[in-house]
Amino acid sequence: MTPLLEVNHVSKQFGNETKALSDVNFSVSEGEFVSIIGPSGAGKSTLLRCINRMIDASNGEIIFDNMNVMNLKKKELKMVRTKIGMIFQHYNLVNRLSVIENTLHGNLGKKSTIAGALGLYNQEEKEQAVKILSTLGLVEHIYKRADQLSGGQKQRVGIARALIQNPRMMLCDEPIASLDPNSAKVIMDHLRNISTTMGITVLVNLHQVDVALKYSDRVIGINHGQVVFNGTPKDITKDDIQRIYGSEAEDLIFDIGGIHAS
Amino acid sequence: MQADFFAKKRRNSIGFFAILAAITVGAIIITEYDIVKGFESLPRAVTWALGNFYPTQESLVKLPDILSSLIETLLVSIAATSIGAVFALFFALMGSNTTRVNAFFGSISRAIATLFRNIDVAAWALILLFSFGQSSLTGYFALFFGSFGFLTRAFVETIDEVSGGSVEALRATGANYASIIFQSVIPSSVPQMLSWVLFMIETNIRSATLIGLLTGSGIGFTFNLYYKSLNYDIASLVVVTIIISILLIESISNYVRRVIL
(Lines give C-alpha, C1' and ligand atoms only; values in the text may rest on other atoms or scores of the structure.)
Protein backbone atom coordinates (compact mmCIF):
# COMPACT_ATOMS: atom_id res chain seq x y z
CA MET A 1 0.00 0.00 0.00
CA THR A 2 1.27 3.46 -0.83
CA PRO A 3 1.71 5.68 2.19
CA LEU A 4 -0.64 8.64 2.57
CA LEU A 5 1.89 10.56 4.58
CA GLU A 6 5.67 10.42 4.43
CA VAL A 7 7.91 12.38 6.74
CA ASN A 8 11.49 12.38 5.52
CA HIS A 9 14.47 13.86 7.39
CA VAL A 10 12.37 16.57 8.97
CA SER A 11 14.06 18.96 11.40
CA LYS A 12 12.78 22.00 13.17
CA GLN A 13 14.94 24.58 14.85
CA PHE A 14 13.55 27.33 17.07
CA GLY A 15 16.04 30.19 17.19
CA ASN A 16 19.70 29.18 17.19
CA GLU A 17 19.80 26.82 20.14
CA THR A 18 16.65 24.79 20.61
CA LYS A 19 16.23 21.90 18.24
CA ALA A 20 12.64 20.68 18.50
CA LEU A 21 12.92 17.97 15.85
CA SER A 22 15.99 16.39 14.34
CA ASP A 23 15.92 14.08 11.33
CA VAL A 24 12.47 12.60 11.87
CA ASN A 25 11.47 9.83 9.46
CA PHE A 26 8.28 7.78 9.29
CA SER A 27 5.38 7.05 7.03
CA VAL A 28 1.69 6.44 7.61
CA SER A 29 -0.58 4.35 5.37
CA GLU A 30 -4.12 5.15 4.39
CA GLY A 31 -6.57 4.33 7.18
CA GLU A 32 -3.91 3.62 9.78
CA PHE A 33 -4.28 4.66 13.43
CA VAL A 34 -0.91 5.90 14.66
CA SER A 35 -0.07 7.25 18.11
CA ILE A 36 2.91 9.47 18.86
CA ILE A 37 4.11 9.18 22.46
CA GLY A 38 6.92 10.85 24.33
CA PRO A 39 7.66 13.06 27.32
CA SER A 40 6.50 16.68 27.48
CA GLY A 41 8.66 18.90 25.31
CA ALA A 42 9.84 15.98 23.16
CA GLY A 43 8.49 17.69 20.04
CA LYS A 44 5.19 15.83 19.54
CA SER A 45 3.09 18.95 19.05
CA THR A 46 5.70 20.55 16.83
CA LEU A 47 5.81 17.45 14.66
CA LEU A 48 2.04 17.36 14.25
CA ARG A 49 1.91 21.05 13.36
CA CYS A 50 4.69 20.69 10.80
CA ILE A 51 2.51 18.26 8.86
CA ASN A 52 -0.20 20.83 8.05
CA ARG A 53 2.33 23.65 8.25
CA MET A 54 0.85 25.45 11.21
CA ILE A 55 4.58 25.53 11.95
CA ASP A 56 7.10 25.53 9.13
CA ALA A 57 9.71 22.79 9.40
CA SER A 58 13.33 23.88 8.87
CA ASN A 59 14.52 20.94 6.76
CA GLY A 60 13.37 17.77 5.09
CA GLU A 61 10.23 16.92 3.16
CA ILE A 62 6.69 16.05 4.12
CA ILE A 63 4.74 14.20 1.44
CA PHE A 64 0.98 14.12 1.90
CA ASP A 65 -1.10 12.51 -0.85
CA ASN A 66 1.86 12.71 -3.27
CA MET A 67 2.41 16.41 -2.66
CA ASN A 68 5.36 17.94 -0.88
CA VAL A 69 3.61 20.07 1.71
CA MET A 70 6.72 22.13 2.33
CA ASN A 71 6.81 23.59 -1.20
CA LEU A 72 3.16 24.51 -1.44
CA LYS A 73 2.03 28.04 -2.16
CA LYS A 74 -0.54 29.73 0.05
CA LYS A 75 -3.53 28.67 -2.02
CA GLU A 76 -2.42 25.07 -2.47
CA LEU A 77 -1.63 24.86 1.23
CA LYS A 78 -5.21 25.88 2.06
CA MET A 79 -6.42 23.14 -0.30
CA VAL A 80 -4.29 20.56 1.50
CA ARG A 81 -5.48 21.80 4.88
CA THR A 82 -9.11 21.21 3.89
CA LYS A 83 -8.20 17.52 3.56
CA ILE A 84 -6.60 17.36 7.01
CA GLY A 85 -8.80 17.67 10.07
CA MET A 86 -7.23 18.80 13.31
CA ILE A 87 -8.35 18.56 16.92
CA PHE A 88 -6.71 20.15 19.94
CA GLN A 89 -6.14 19.62 23.64
CA HIS A 90 -8.10 22.77 24.51
CA TYR A 91 -10.73 22.09 21.82
CA ASN A 92 -10.17 25.57 20.28
CA LEU A 93 -13.85 26.24 19.67
CA VAL A 94 -15.38 29.69 19.36
CA ASN A 95 -16.99 29.66 22.80
CA ARG A 96 -19.68 32.22 22.09
CA LEU A 97 -21.03 30.44 19.04
CA SER A 98 -23.39 27.47 18.96
CA VAL A 99 -22.37 23.85 18.52
CA ILE A 100 -23.65 23.73 14.95
CA GLU A 101 -21.90 26.97 13.96
CA ASN A 102 -18.65 25.61 15.36
CA THR A 103 -19.18 22.41 13.40
CA LEU A 104 -19.90 24.29 10.18
CA HIS A 105 -16.60 26.15 10.61
CA GLY A 106 -15.01 22.99 9.21
CA ASN A 107 -16.43 24.02 5.82
CA LEU A 108 -14.82 27.47 5.78
CA GLY A 109 -11.79 26.19 3.87
CA LYS A 110 -13.99 25.52 0.84
CA LYS A 111 -15.75 28.89 0.92
CA SER A 112 -15.18 32.08 -0.99
CA THR A 113 -14.08 35.13 1.00
CA ILE A 114 -17.58 36.62 1.15
CA ALA A 115 -19.45 33.40 1.93
CA GLY A 116 -16.88 32.54 4.57
CA ALA A 117 -16.90 35.96 6.20
CA LEU A 118 -20.70 36.05 6.36
CA GLY A 119 -20.95 32.41 7.39
CA LEU A 120 -23.29 31.39 4.56
CA TYR A 121 -23.94 27.65 4.57
CA ASN A 122 -26.39 25.79 2.36
CA GLN A 123 -29.06 23.35 3.48
CA GLU A 124 -26.96 20.34 2.52
CA GLU A 125 -24.06 21.46 4.70
CA LYS A 126 -26.35 22.07 7.66
CA GLU A 127 -27.94 18.63 7.31
CA GLN A 128 -24.49 17.08 7.09
CA ALA A 129 -23.49 18.88 10.29
CA VAL A 130 -26.59 17.60 12.11
CA LYS A 131 -25.87 14.09 10.90
CA ILE A 132 -22.30 14.16 12.16
CA LEU A 133 -23.37 15.67 15.49
CA SER A 134 -25.93 12.93 16.01
CA THR A 135 -23.40 10.16 15.36
CA LEU A 136 -21.24 11.83 18.02
CA GLY A 137 -24.19 11.89 20.43
CA LEU A 138 -24.57 15.66 20.49
CA VAL A 139 -27.95 15.98 18.83
CA GLU A 140 -29.68 17.58 21.83
CA HIS A 141 -26.94 20.20 22.18
CA ILE A 142 -26.99 21.51 18.59
CA TYR A 143 -28.12 25.05 19.46
CA LYS A 144 -26.30 25.34 22.76
CA ARG A 145 -23.37 27.69 23.06
CA ALA A 146 -20.04 25.90 23.07
CA ASP A 147 -19.09 27.27 26.50
CA GLN A 148 -22.08 25.52 28.06
CA LEU A 149 -20.71 22.09 27.21
CA SER A 150 -18.50 19.80 29.27
CA GLY A 151 -14.92 19.11 28.18
CA GLY A 152 -15.80 15.78 26.59
CA GLN A 153 -18.67 17.33 24.67
CA LYS A 154 -16.48 20.20 23.49
CA GLN A 155 -13.93 17.74 22.18
CA ARG A 156 -16.68 15.90 20.29
CA VAL A 157 -17.64 19.23 18.68
CA GLY A 158 -13.97 19.52 17.74
CA ILE A 159 -14.17 16.11 16.10
CA ALA A 160 -17.39 17.12 14.31
CA ARG A 161 -15.68 20.24 12.96
CA ALA A 162 -12.86 18.08 11.63
CA LEU A 163 -15.18 15.41 10.19
CA ILE A 164 -17.34 17.85 8.23
CA GLN A 165 -14.22 18.70 6.24
CA ASN A 166 -14.46 15.15 4.88
CA PRO A 167 -10.75 14.73 5.59
CA ARG A 168 -8.28 12.11 4.45
CA MET A 169 -6.38 12.42 7.70
CA MET A 170 -6.98 13.66 11.25
CA LEU A 171 -4.25 15.24 13.36
CA CYS A 172 -5.08 15.05 17.06
CA ASP A 173 -2.94 17.05 19.45
CA GLU A 174 -3.34 15.62 22.97
CA PRO A 175 -7.09 15.15 22.47
CA ILE A 176 -7.70 13.62 25.91
CA ALA A 177 -5.11 15.40 28.05
CA SER A 178 -7.71 17.67 29.69
CA LEU A 179 -10.44 15.06 30.08
CA ASP A 180 -11.54 12.69 32.81
CA PRO A 181 -11.05 8.95 32.12
CA ASN A 182 -14.67 8.41 31.05
CA SER A 183 -14.80 11.23 28.52
CA ALA A 184 -11.32 10.27 27.38
CA LYS A 185 -12.52 6.78 26.57
CA VAL A 186 -15.51 8.13 24.63
CA ILE A 187 -13.21 10.36 22.56
CA MET A 188 -10.69 7.60 21.88
CA ASP A 189 -13.50 5.21 20.89
CA HIS A 190 -14.83 7.78 18.43
CA LEU A 191 -11.36 8.33 16.95
CA ARG A 192 -10.79 4.60 16.60
CA ASN A 193 -14.20 4.26 15.01
CA ILE A 194 -13.46 7.05 12.54
CA SER A 195 -10.34 5.23 11.46
CA THR A 196 -11.92 1.77 11.21
CA THR A 197 -15.28 2.56 9.61
CA MET A 198 -14.54 5.67 7.60
CA GLY A 199 -11.03 4.76 6.58
CA ILE A 200 -9.65 8.10 7.73
CA THR A 201 -6.02 8.07 8.76
CA VAL A 202 -5.62 9.17 12.37
CA LEU A 203 -2.41 10.54 13.82
CA VAL A 204 -2.69 11.27 17.52
CA ASN A 205 -0.32 12.69 20.15
CA LEU A 206 -0.78 11.03 23.50
CA HIS A 207 0.57 11.24 27.03
CA GLN A 208 -0.96 7.98 28.18
CA VAL A 209 1.12 4.99 27.10
CA ASP A 210 -1.60 2.50 27.99
CA VAL A 211 -4.14 4.32 25.82
CA ALA A 212 -1.70 4.46 22.93
CA LEU A 213 -0.99 0.73 23.17
CA LYS A 214 -4.66 -0.15 23.42
CA TYR A 215 -6.00 1.85 20.48
CA SER A 216 -3.23 2.14 17.91
CA ASP A 217 -2.18 0.12 14.90
CA ARG A 218 1.26 1.56 15.35
CA VAL A 219 3.12 3.58 17.95
CA ILE A 220 5.87 6.11 17.29
CA GLY A 221 8.01 7.03 20.28
CA ILE A 222 9.76 10.41 20.33
CA ASN A 223 12.39 11.71 22.69
CA HIS A 224 14.44 14.89 22.29
CA GLY A 225 12.99 15.44 18.82
CA GLN A 226 14.06 12.05 17.53
CA VAL A 227 12.10 8.93 16.67
CA VAL A 228 13.32 6.27 19.10
CA PHE A 229 10.60 3.68 18.50
CA ASN A 230 8.39 2.85 15.55
CA GLY A 231 6.38 -0.35 15.65
CA THR A 232 3.19 -2.10 16.63
CA PRO A 233 1.95 -2.03 20.24
CA LYS A 234 2.75 -5.76 20.44
CA ASP A 235 6.43 -5.16 19.73
CA ILE A 236 7.01 -2.51 22.36
CA THR A 237 9.23 -3.64 25.24
CA LYS A 238 10.11 -2.24 28.63
CA ASP A 239 13.43 -1.11 27.16
CA ASP A 240 11.61 0.82 24.43
CA ILE A 241 9.43 2.60 26.98
CA GLN A 242 12.56 3.47 28.92
CA ARG A 243 14.22 4.81 25.79
CA ILE A 244 11.19 6.97 25.03
CA TYR A 245 10.71 8.40 28.50
CA GLY A 246 14.34 8.41 29.70
CA SER A 247 16.00 6.05 32.12
CA GLU A 248 14.94 7.83 35.27
CA ALA A 249 11.33 7.01 34.44
CA GLU A 250 11.99 3.31 34.91
CA ASP A 251 10.08 3.01 38.14
CA LEU A 252 7.26 5.25 37.01
CA ILE A 253 6.13 3.02 34.19
CA PHE A 254 3.49 0.50 35.11
CA ASP A 255 3.69 -3.16 34.55
CA ILE A 256 3.92 -3.59 30.82
CA GLY A 257 2.76 -7.22 30.89
CA GLY A 258 -0.54 -6.12 32.35
CA ILE A 259 -1.10 -3.69 29.49
CA HIS A 260 -0.56 -6.32 26.85
CA ALA A 261 -2.84 -8.69 28.69
CA SER A 262 -5.79 -6.29 28.68
CA MET B 1 20.02 28.93 54.23
CA GLN B 2 16.32 29.22 54.98
CA ALA B 3 16.85 31.88 57.65
CA ASP B 4 18.90 33.79 55.12
CA PHE B 5 16.06 33.70 52.60
CA PHE B 6 13.54 35.24 54.99
CA ALA B 7 16.05 37.74 56.37
CA LYS B 8 16.78 38.86 52.84
CA LYS B 9 13.08 39.28 52.06
CA ARG B 10 12.63 41.37 55.22
CA ARG B 11 15.67 43.51 54.35
CA ASN B 12 14.20 44.14 50.91
CA SER B 13 10.84 45.28 52.33
CA ILE B 14 12.49 47.56 54.88
CA GLY B 15 14.71 48.99 52.16
CA PHE B 16 11.72 49.63 49.94
CA PHE B 17 9.80 51.52 52.62
CA ALA B 18 12.91 53.49 53.62
CA ILE B 19 13.34 54.66 50.03
CA LEU B 20 9.65 55.56 49.80
CA ALA B 21 9.86 57.59 53.02
CA ALA B 22 13.03 59.37 51.85
CA ILE B 23 11.38 60.36 48.56
CA THR B 24 8.29 61.67 50.37
CA VAL B 25 10.31 63.74 52.83
CA GLY B 26 12.55 64.99 50.04
CA ALA B 27 9.55 66.09 47.99
CA ILE B 28 8.02 67.90 50.98
CA ILE B 29 11.26 69.78 51.62
CA ILE B 30 11.81 70.77 47.99
CA THR B 31 8.25 72.03 47.46
CA GLU B 32 8.23 73.72 50.89
CA TYR B 33 4.97 72.03 51.69
CA ASP B 34 3.75 72.65 55.22
CA ILE B 35 1.83 69.60 56.35
CA VAL B 36 0.16 71.26 59.30
CA LYS B 37 -0.95 74.25 57.23
CA GLY B 38 -2.18 71.95 54.49
CA PHE B 39 -4.50 70.07 56.78
CA GLU B 40 -5.57 73.24 58.58
CA SER B 41 -6.83 74.79 55.36
CA LEU B 42 -9.07 71.85 54.64
CA PRO B 43 -11.91 72.81 57.03
CA ARG B 44 -11.81 76.35 55.70
CA ALA B 45 -12.21 75.08 52.15
CA VAL B 46 -15.20 73.01 53.17
CA THR B 47 -16.78 75.95 55.00
CA TRP B 48 -16.35 78.16 51.94
CA ALA B 49 -17.85 75.55 49.62
CA LEU B 50 -20.83 75.03 51.89
CA GLY B 51 -21.36 78.76 52.18
CA ASN B 52 -21.11 79.67 48.48
CA PHE B 53 -20.98 76.66 46.26
CA TYR B 54 -24.53 75.38 46.03
CA PRO B 55 -27.31 75.82 43.48
CA THR B 56 -29.97 78.37 44.32
CA GLN B 57 -33.51 78.94 43.10
CA GLU B 58 -32.36 81.68 40.72
CA SER B 59 -29.66 79.55 39.15
CA LEU B 60 -32.29 77.11 37.88
CA VAL B 61 -33.18 79.65 35.17
CA LYS B 62 -29.92 78.74 33.49
CA LEU B 63 -30.69 75.02 33.54
CA PRO B 64 -31.81 74.74 29.87
CA ASP B 65 -28.57 76.39 28.70
CA ILE B 66 -26.53 74.11 30.90
CA LEU B 67 -28.34 71.01 29.70
CA SER B 68 -27.90 71.90 26.04
CA SER B 69 -24.14 72.26 26.43
CA LEU B 70 -24.05 69.12 28.55
CA ILE B 71 -25.80 67.18 25.79
CA GLU B 72 -23.38 68.60 23.24
CA THR B 73 -20.49 67.35 25.37
CA LEU B 74 -22.04 63.90 25.79
CA LEU B 75 -22.69 63.54 22.07
CA VAL B 76 -19.21 64.70 21.11
CA SER B 77 -17.72 62.15 23.52
CA ILE B 78 -19.84 59.31 22.19
CA ALA B 79 -19.14 60.24 18.56
CA ALA B 80 -15.40 60.53 19.16
CA THR B 81 -15.29 57.20 20.98
CA SER B 82 -17.28 55.24 18.43
CA ILE B 83 -15.33 56.55 15.45
CA GLY B 84 -12.13 55.93 17.41
CA ALA B 85 -13.30 52.36 18.04
CA VAL B 86 -13.81 51.68 14.33
CA PHE B 87 -10.25 52.77 13.55
CA ALA B 88 -8.96 50.97 16.63
CA LEU B 89 -10.53 47.70 15.49
CA PHE B 90 -8.72 47.88 12.18
CA PHE B 91 -5.38 48.77 13.76
CA ALA B 92 -5.85 46.12 16.45
CA LEU B 93 -6.43 43.42 13.85
CA MET B 94 -3.23 44.53 12.11
CA GLY B 95 -1.32 44.84 15.37
CA SER B 96 -2.34 41.67 17.17
CA ASN B 97 0.11 38.79 16.98
CA THR B 98 -2.78 36.39 16.35
CA THR B 99 -4.37 38.22 13.43
CA ARG B 100 -1.69 40.44 11.91
CA VAL B 101 -1.02 40.09 8.21
CA ASN B 102 2.72 40.27 8.71
CA ALA B 103 5.25 41.42 11.28
CA PHE B 104 6.05 44.67 9.44
CA PHE B 105 2.49 46.05 9.38
CA GLY B 106 2.05 44.68 12.86
CA SER B 107 4.79 46.79 14.37
CA ILE B 108 3.82 49.86 12.33
CA SER B 109 0.21 49.83 13.50
CA ARG B 110 1.26 49.20 17.08
CA ALA B 111 3.76 52.07 16.90
CA ILE B 112 1.06 54.44 15.61
CA ALA B 113 -1.31 53.38 18.37
CA THR B 114 1.38 53.81 21.03
CA LEU B 115 2.13 57.31 19.80
CA PHE B 116 -1.53 58.32 19.97
CA ARG B 117 -2.01 56.69 23.35
CA ASN B 118 0.96 58.29 25.02
CA ILE B 119 -0.03 61.82 24.15
CA ASP B 120 -2.59 62.83 26.73
CA VAL B 121 -6.03 64.06 25.63
CA ALA B 122 -5.30 67.46 27.17
CA ALA B 123 -2.04 67.62 25.23
CA TRP B 124 -3.90 66.69 22.04
CA ALA B 125 -6.37 69.48 22.73
CA LEU B 126 -3.55 72.02 23.08
CA ILE B 127 -1.84 70.78 19.91
CA LEU B 128 -5.08 70.82 17.94
CA LEU B 129 -6.02 74.30 19.17
CA PHE B 130 -3.60 75.65 16.58
CA SER B 131 -5.38 73.90 13.72
CA PHE B 132 -9.01 74.20 14.67
CA GLY B 133 -9.09 77.08 17.13
CA GLN B 134 -11.51 77.20 20.01
CA SER B 135 -14.33 74.99 18.79
CA SER B 136 -15.92 71.71 19.63
CA LEU B 137 -14.12 70.20 16.66
CA THR B 138 -10.86 70.53 18.60
CA GLY B 139 -12.39 68.68 21.51
CA TYR B 140 -13.80 66.06 19.20
CA PHE B 141 -10.44 65.32 17.60
CA ALA B 142 -8.59 65.33 20.90
CA LEU B 143 -10.98 62.73 22.31
CA PHE B 144 -10.92 60.79 19.05
CA PHE B 145 -7.12 60.52 19.01
CA GLY B 146 -6.92 59.60 22.67
CA SER B 147 -9.64 56.93 22.42
CA PHE B 148 -8.16 55.54 19.25
CA GLY B 149 -4.79 54.95 20.90
CA PHE B 150 -6.19 53.49 24.07
CA LEU B 151 -8.78 51.28 22.38
CA THR B 152 -6.26 49.88 19.92
CA ARG B 153 -4.17 48.69 22.83
CA ALA B 154 -7.19 47.26 24.66
CA PHE B 155 -8.50 45.54 21.50
CA VAL B 156 -5.13 43.98 20.73
CA GLU B 157 -5.07 42.45 24.18
CA THR B 158 -8.67 41.27 23.87
CA ILE B 159 -7.97 39.59 20.55
CA ASP B 160 -4.84 37.88 21.79
CA GLU B 161 -6.57 36.74 24.95
CA VAL B 162 -9.80 35.31 23.61
CA SER B 163 -9.23 34.10 20.09
CA GLY B 164 -5.81 32.42 19.92
CA GLY B 165 -7.10 28.86 19.98
CA SER B 166 -10.01 29.18 17.59
CA VAL B 167 -7.89 31.14 15.11
CA GLU B 168 -5.44 28.26 15.04
CA ALA B 169 -8.27 25.77 14.55
CA LEU B 170 -9.76 27.71 11.64
CA ARG B 171 -6.37 28.18 10.02
CA ALA B 172 -5.96 24.41 10.20
CA THR B 173 -9.22 23.92 8.27
CA GLY B 174 -7.80 26.01 5.43
CA ALA B 175 -10.11 28.96 6.08
CA ASN B 176 -9.17 32.30 4.50
CA TYR B 177 -8.29 35.44 6.45
CA ALA B 178 -11.71 37.09 6.19
CA SER B 179 -13.49 33.95 7.39
CA ILE B 180 -11.17 33.66 10.37
CA ILE B 181 -11.72 37.28 11.38
CA PHE B 182 -15.50 37.30 10.98
CA GLN B 183 -16.23 33.77 12.19
CA SER B 184 -13.80 33.51 15.06
CA VAL B 185 -12.09 36.72 16.15
CA ILE B 186 -15.08 39.08 16.01
CA PRO B 187 -17.64 36.77 17.68
CA SER B 188 -15.17 35.92 20.44
CA SER B 189 -14.06 39.42 21.24
CA VAL B 190 -17.11 41.63 20.56
CA PRO B 191 -18.49 41.61 24.14
CA GLN B 192 -15.16 42.58 25.67
CA MET B 193 -14.55 45.18 22.98
CA LEU B 194 -17.96 46.74 23.62
CA SER B 195 -17.17 46.81 27.30
CA TRP B 196 -13.96 48.73 26.53
CA VAL B 197 -15.87 51.15 24.30
CA LEU B 198 -18.38 51.82 27.10
CA PHE B 199 -15.53 52.38 29.54
CA MET B 200 -13.94 54.78 27.05
CA ILE B 201 -17.20 56.70 26.64
CA GLU B 202 -17.40 57.15 30.42
CA THR B 203 -13.79 58.30 30.60
CA ASN B 204 -14.25 60.62 27.65
CA ILE B 205 -17.26 62.33 29.19
CA ARG B 206 -15.10 63.12 32.21
CA SER B 207 -12.18 64.33 30.08
CA ALA B 208 -14.54 66.28 27.84
CA THR B 209 -15.36 68.56 30.74
CA LEU B 210 -11.70 69.36 31.20
CA ILE B 211 -11.08 69.70 27.48
CA GLY B 212 -14.02 72.06 27.25
CA LEU B 213 -12.10 74.41 29.55
CA LEU B 214 -9.21 74.45 27.09
CA THR B 215 -11.16 74.61 23.86
CA GLY B 216 -13.91 76.96 25.03
CA SER B 217 -16.75 74.63 24.20
CA GLY B 218 -19.21 72.29 25.83
CA ILE B 219 -19.94 71.94 29.50
CA GLY B 220 -16.39 72.73 30.57
CA PHE B 221 -16.67 76.19 29.03
CA THR B 222 -20.07 76.78 30.64
CA PHE B 223 -18.62 75.96 34.04
CA ASN B 224 -15.62 78.16 33.48
CA LEU B 225 -17.79 81.06 32.36
CA TYR B 226 -19.95 81.10 35.47
CA TYR B 227 -17.11 80.27 37.82
CA LYS B 228 -14.89 83.08 36.58
CA SER B 229 -17.79 85.53 36.75
CA LEU B 230 -18.24 84.56 40.41
CA ASN B 231 -21.67 83.04 39.80
CA TYR B 232 -20.88 80.19 42.16
CA ASP B 233 -24.48 79.04 42.44
CA ILE B 234 -24.76 78.42 38.70
CA ALA B 235 -21.28 76.90 38.54
CA SER B 236 -22.25 74.46 41.26
CA LEU B 237 -25.42 73.60 39.35
CA VAL B 238 -23.17 72.73 36.39
CA VAL B 239 -21.13 70.43 38.62
CA VAL B 240 -24.28 68.74 39.90
CA THR B 241 -25.58 68.11 36.38
CA ILE B 242 -22.19 66.69 35.36
CA ILE B 243 -22.17 64.32 38.31
CA ILE B 244 -25.73 63.18 37.67
CA SER B 245 -25.08 62.56 33.99
CA ILE B 246 -21.89 60.60 34.70
CA LEU B 247 -23.70 58.41 37.22
CA LEU B 248 -26.49 57.90 34.72
CA ILE B 249 -24.13 56.92 31.90
CA GLU B 250 -22.23 54.62 34.22
CA SER B 251 -25.33 52.76 35.30
CA ILE B 252 -26.49 52.42 31.70
CA SER B 253 -23.17 50.99 30.62
CA ASN B 254 -23.03 48.67 33.62
CA TYR B 255 -26.43 47.37 32.61
CA VAL B 256 -25.35 46.86 29.00
CA ARG B 257 -22.22 45.09 30.22
CA ARG B 258 -24.22 42.70 32.38
CA VAL B 259 -26.40 41.82 29.43
CA ILE B 260 -23.65 41.20 26.88
CA LEU B 261 -20.94 39.54 28.94
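**Note on the two-chain model**

1. In chain A, six strands make up an open sheet whose order is E6-E7-E8-E3-E9-E10, and the pairing in this sheet is mixed. The edges are held by strand E6 (84–87) and strand E10 (226–231) of chain A; each has a single partner strand, so one side of each is left without a neighbour in the sheet. On average, and with direction ignored, neighbouring strands here are turned by 15° against each other. The model is a predicted one.

2. Two pairs of this sheet can be followed in detail. Strand E7 (residues 169–173) of chain A runs parallel to strand E8 (residues 201–206) of chain A, and five bridges join them. Within E8(A), A:Asn205 is the residue that stands opposite A:Asp173. Strand E9 (residues 218–223) of chain A, by contrast, runs antiparallel to E10(A), again with five bridges. Opposite A:Val219 stands A:Gly231 in E10(A).

3. How many residues lie between E9(A) and E10(A) in their hairpin? There are two residues between them, and A:His224 in the turn has a positive phi of about 50°.

4. A helix also belongs to the picture of this sheet. Helix H6 (residues 151–163) of chain A lies across E6 and E7 of chain A, and its direction is at about 170° to E6(A).

5. Chain A has another open sheet, built from four strands in the order E2-E1-E4-E5 with antiparallel pairing. Strand E2 (18–29) and strand E5 (67–68) of chain A are at its edges; because each has a single partner strand, one side of each is left without a neighbour in the sheet. At the E5 edge, strand E4 (residues 59–64) of chain A pairs with E5(A) in the antiparallel sense over two bridges. A:Asn68 in E5(A) has A:Ile63 standing opposite.

6. The domain assignment divides chain A into domain 1 (1–83 + 169–180 + 198–262) and domain 2 (93–166). Taken over C-alpha atoms, the centres of domain 1 of chain A and domain 2 of chain A are separated by 27 Å. Seven residues of domain 1 of chain A are in contact with seven residues of domain 2 of chain A. H2(A) gives three residues to the domain 1 side, the largest share. By class, that side of domain 1 of chain A has three nonpolar, two polar and two charged residues.

7. Between the chains, 25 residues of chain A are in contact with 18 residues of chain B. Which elements give two or more residues to the side of chain A that touches chain B? They are helix H2 (74–82) and helix H4 (113–118) of chain A. The largest share of this side, four residues, comes from H2(A). H2(A) therefore gives the largest share of the chain A side that touches chain B as well as of the domain 1 side that touches domain 2 of chain A. The side of chain A that touches chain B is made up of nine nonpolar, twelve polar and four charged residues.

8. Chain B is assigned domain 1 (2–52) and domain 2 (58–260). The centres of domain 1 of chain B and domain 2 of chain B, taken over C-alpha atoms, are 34 Å apart.

9. Helix H3 (residues 63–95) of chain B packs on helix H9 (residues 232–260) of chain B at an angle of about 40°, and their axes are 11 Å apart. The angle makes H3(B) oblique to H9(B). H3(B) passes H9(B) in a right-handed crossing. On H3(B) the contact is made by B:Leu63, B:Ile66, B:Leu67, B:Leu70 and B:Leu74, and on H9(B) by B:Leu237, B:Val238, B:Thr241 and B:Ser245. By class this contact has seven nonpolar, two polar and no charged residues.

10. H3(B) also packs with helix H4 (residues 103–118) of chain B, at an angle of about 135° and with axes 7 Å apart. H3(B) is thereby oblique to H4(B). This crossing of H3(B) and H4(B) is left-handed. From H3(B), B:Phe91, B:Met94 and B:Gly95 meet B:Phe105, B:Gly106, B:Ser109, B:Arg110, B:Ile112 and B:Ala113 in H4(B). The residues of this contact divide into five nonpolar, three polar and one charged.

Key
Residues numbered from 1 in each chain as written. Chains lettered and ligands numbered in written order. Predicted model: local features only at pLDDT ≥ 70, side-chain atom pairs only at ≥ 80, totals over all residues. Contact = placed C-beta atoms within 7 Å. Nonpolar A, V, L, I, M, F, W, Y, C, P; charged D, E, K, R; others polar. Axes fitted to C-alpha atoms, helices over the stretch in contact; angles between N-to-C directions. Parallel < 35°, antiparallel > 145°, perpendicular 65-115°, else oblique. Left-handed = near helix turned anticlockwise from the far one by under 90°. Domains from an automatic or database assignment. Pairing = 2+ DSSP bridges.
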